[in-house]
Each structure stands twice: as C-alpha cells, then as structure tokens.
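Here's a quick briefing on how two chains sit against each other. Have the viewer open while you read.

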There are 2 protein chains.
Amino acid sequence: MKQGNIFEQGGVGFSEVWGDKLPPSILGKRPEAAGHQFYATGTSMVLHPRNPYVPTVHLNYRYFEAGPVWWFGGGIDLTPYYTNEADVIHFHRTLKATCDRHNPQYYPNFKRWCDEYFYLPHRNEPRGVGGIFFDYQNGQRGDLYRGHNQDGPAALYSQQAGNAPKRTWEEIFSFAIDCGDAFLPAYIPIVEKRATTEYGDRERDFQLYRRGRYVEFNLVYDRGTLFGLQTNGRTESILMSLPPMVRWEYSYEPEAGSPEAKLYDVFLKPQDWAQM
Amino acid sequence: MKQGNIFEQGGVGFSEVWGDKLPPSILGKRPEAAGHQFYATGTSMVLHPRNPYVPTVHLNYRYFEAGPVWWFGGGIDLTPYYTNEADVIHFHRTLKATCDRHNPQYYPNFKRWCDEYFYLPHRNEPRGVGGIFFDYQNGQRGDLYRGHNQDGPAALYSQQAGNAPKRTWEEIFSFAIDCGDAFLPAYIPIVEKRATTEYGDRERDFQLYRRGRYVEFNLVYDRGTLFGLQTNGRTESILMSLPPMVRWEYSYEPEAGSPEAKLYDVFLKPQDWAQM
C-alpha cells in the first residue's frame, strides 16, 4: 500500500521455499537435518503510518522443517515517534495475555529477546519499545532462552531452563497462530485513537528523522534483510520494510524536556511495560 | 553544512589516529607491521546538492603507516540523478589527466577499481558513474591491481604487473596531493553549469529515490562505514555521508525512454568515459 490516508506505506510478504540443499548456517547448528529436504515459510508485515502519533509496527512469523528438525520463530514490535505510556502498556499487555495463555515463561523471555534483537549498538538505542521475539522454538527445554546473551541475567534464565516444560509441535503451532491473532487487538486500538491527532512540520520532521534509525537497523543489523540481500533474494520484497520517506540530520539532539526528548528518555529504555 | 542554497547537506571529515595495537585485519595481511606503532590519517567529503541536475560527489584520501609498512588509498566518485555525457566526460578526463601526469597505468586501473568497489550486488547496479579508487599503494609492483577481482580481465592486468614501475613514498604522496587538487576542477564546473537548471516535483522525487541507493551502499557494503560502526567510531561523523532526505518506493521502474531511464540505461553502465 502506498500513500494511504492512515498508512503512508505498508506491505505484507509471504514466502514459502523448499529444496534439497540446506544452507551451511543451518547444517552447522543442526547436523541431524543433513540429507533431508527442507521447507520454510514465513509472513512479515511492516506498516509506516503517516501520522507521527501512530507508531510503526513490524510483525514476522515463520516456520522451518527438515526431516526430524523443526522450529517456529517470529515476533512483533512497535516503533513510536510521539507516544504515551497508555499505548505502550496496551501493546505489551495484549502480547503478554496471549503468551500467558500458553506458557508463563513466554512473555518475559520473548520480551527480553526482542529488546536484545532490535537494538542499534552504534546508537546505543533500542529500535523502539519492543514487543516479543523468539526463534528456534521446538519444544525442547532451553529453547526459550536461546536468544539471550550469555552474560549477566541470562545465566539466571539458563538455570531455570531445566524447569521449563517440554511442548509439542501442536502446542507451539497454536501459540504462533495466537500471536498472529494478537496483532489486531494489540495495534489497531492505538491507530484508531491516534490517527486523528493534529501535527505539524515539527512532528513530521522528527518522524522522518527517527525513521532513519529504522533504515540503519534493517540495513546494518537485521539478519533476515542481510541474508536475503546476500543470497539473491528478491530485493524489492526484502526492502519493502524501508520507510517511504526518511531524513538524516547531522548531530541532531532533542531539546531537554521536549516531547522528542521524552521518546529517548522514557520510551527508548527497556521497561517492564506489561507490569505498569 | 545544512540547507545551503546549492548543497542541501555537505560535510568534510578529518581523522588522525595512532596507537600500539594494530587491528587483526591489518596484521593478518601485513605481519611485518607487528610490534610497531601505527599512524593513520584521512579526509573524506560528501556533498549532497539540492538541484537534481547536480550530481552528488564523494571524496576520500587516506594514509596508513606502521614501522616498515605504509600505504596510500582513496578516491573520488560521482553519483548523478539527471546528467549528460559532457559532465561525466569532463569529470573523468580531469581525473585521467591528473593520473596520467604520474603514471599512465593509474587511471585505467583506478577507474576500474572504483567501478568494482562502488557496486550494489543486490541492485545489480553501480552506485553512480564512478571515478577513481585505489588502496594499499606502497610503490611495489602489483599494488595497482590489488583491488581487482581475480577472474576475467583482471588476469590480464596481473600479467602486466611485472612491467609496472616501482615508485617511492614521495612519488605516491605527490600523486595523492594532486588527486586532492583535482577535486575543484573536476566537480565545480559541473555545479556551476547545472545548479540553476529548473526542476519540479518529478525530478526532486527521483533524486530522493536514487539517494536511497546511496544509503543502501553505505550501510550494507561500505567497508569504512561498517568498520567505523563496529569499532565504536563516532556515529555522527561516520553517518555524515547519508543524504538529508531520502525516499524508498516499492517496485519503482523508470518509464522507457524517459530521462530517468537514461540514468539506468546509459550512465549506470561502466563506460570508458575519458575516451569519449
């Protein structure tokens, strides 16, 4: 979608691929997949709203299998420009409720995994207010923690891995379906509330500036984007996630106490939004 | 510079660093540098003009030394939006004249090196009309060819390496100085001729769209940018090269026979501009 009233640009991608030859990156991690055909499918979506009071949203859910090896992955995360606590709390609580219906360990682990993944080291900033992210979910003990950095609090999580319940393919598939279904209740109420908020050049300029971070993350760090570009994927589909209009400004700093500074000071610090 | 009349954004960077601990990337290639202090300096410039008939220009010249090891590197290249043969020929002929005053092998080798370096595989496109680029110039036979891919015509170049004259530090330093001095005569006449050409939304939209390629190159491929971001360089200085305003559009294709198509069909094909 281009130049919509609410969404300046948006896209939904669906991919389904199969073959005989597994990528070395997968064979190295899961040698028991060798010699089997593989199948991979995923859907992804990025919506760039026009109004700076409506956050950008990104969603991706995917599945991989090769003989005895299979896993689910994906997540959803929110990137606001001008926002407020209520919207962020609503988004996270909706995701937590979905996670909690399946496993009380899902939300705290996948929220943290999301904060770790959508992070720009060169800016020392998260991409936004996060959401949930997970990968390699195959129901084995320990899969909840695979994304966590191995130092610091991760060690604590790992100690709990022995207590995590094993789960079946059907249980994780049902969780992935529920994650997809959580998109509308998590995001649409925010859009409906904020899409009519008035704004001017100042807010638009800040939105375009912050969209630059989205570009930096996707082109420098996002594994899916880089893998796609390096393996002759369809460039227009891979770069569908980039915003329609973006701005860079040398040494921009928000004025202390301004609404722009609030994004940095409050919302670009990982917080336990669902508990607020 | 921000929001100038001619240049929408421009920056000049100067760096000078030294230390005891050489990066592994250098030690792997030049083990004889081990145990020596290193010194590295460079200057770089990117100018993003406002008028779509004026091309973006990028320049970088640099020097490295550690004990017995030293080399010069750098180059200059042009990225047009709407251009014409005369401007591109002028740019390349000016660079060729500078190169030829020092060594007749410089221009053909460094022009080719530039075409190979400023290339976007995922778009199957060069970044612009090129210019010259070189690295590891230490006066030894073969250094003229170090950047070339090893298959195809590069083999021919390599055979000629035995005939290349050895050069002294002073000779290469004097070449680097002349390269810097070539910037004004190579670029300014184009700016003076084209900065008053009238344009409208169509040309502006295409300029912003094409600037997206500049972002893609710098964030996905440029070794200097990625090295800087990964080694805790000063982010604002490293990303100074990004354009002030950029646009992405899903599946854009220029209309056949249009001025936009001419960029793709004529100017984004490496050509022997200096001989035209």
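How many residues of chain B are in contact with chain A? In this predicted model, 27 residues of chain B touch 27 residues of chain A. Here's the rundown by topic.

**Symmetry**
- A turn of 180° with a shift of 0.0 Å along the axis lays chain B on chain A, at an RMSD of 0.0 Å.
- So what you've got is the relation of a two-fold axis.
- B:Val246 has the C-alpha nearest the axis in chain B, 2.5 Å from it.
- Both copies use the same surface, as 100% of the contact residues of chain B recur in chain A.

**Buried area**
- About 2,600 Å² is buried between chain B and chain A, and carbon and sulfur atoms give 58% of that.
- Three residues stand out: B:Glu236, B:Trp248 and B:Tyr250 supply 27% of the area that chain B buries against chain A, more than any other three.

**Polar links**
- The interface of chain B and chain A has four salt bridges by the rule used.
- B:Glu249 and A:Lys2 form a salt bridge through their side chains, at 3.2 Å from N to O.
- Between the two chains, 15 residue pairs are in polar contact, counting pairs with both residues at pLDDT 80 or more.

**Who contributes**
- On the side of chain B that touches chain A, helix 6 of chain B gives the most, with six residues.
- By class, that side of chain B has 15 nonpolar, five polar and seven charged residues.

**Strand pairing**
- Strand 8 (residues 245-247) of chain A runs antiparallel to strand 8 of chain B, and three bridges join them.
- In that pairing, A:Val246 stands opposite B:Val246.

Definitions and conventions. Residues numbered from 1 in each chain as written. Chains lettered and ligands numbered in written order. Predicted model: local features only at pLDDT ≥ 70, side-chain atom pairs only at ≥ 80, totals over all residues. Heavy atoms only, no water. Least-squares fit on C-alpha atoms with pLDDT ≥ 70 in both. Contact = heavy atoms within 4.5 Å. Buried area = accessible area lost by both parts, 1.4 Å probe. Polar contact = N/O pair within 3.5 Å; in protein donor to acceptor, adjacent residues only side chain to side chain. Helix = DSSP H or I, 4+ residues; strand = E, 2+ residues; numbered from the N terminus. Nonpolar A, V, L, I, M, F, W, Y, C, P; charged D, E, K, R; others polar. Pairing = 2+ DSSP bridges.
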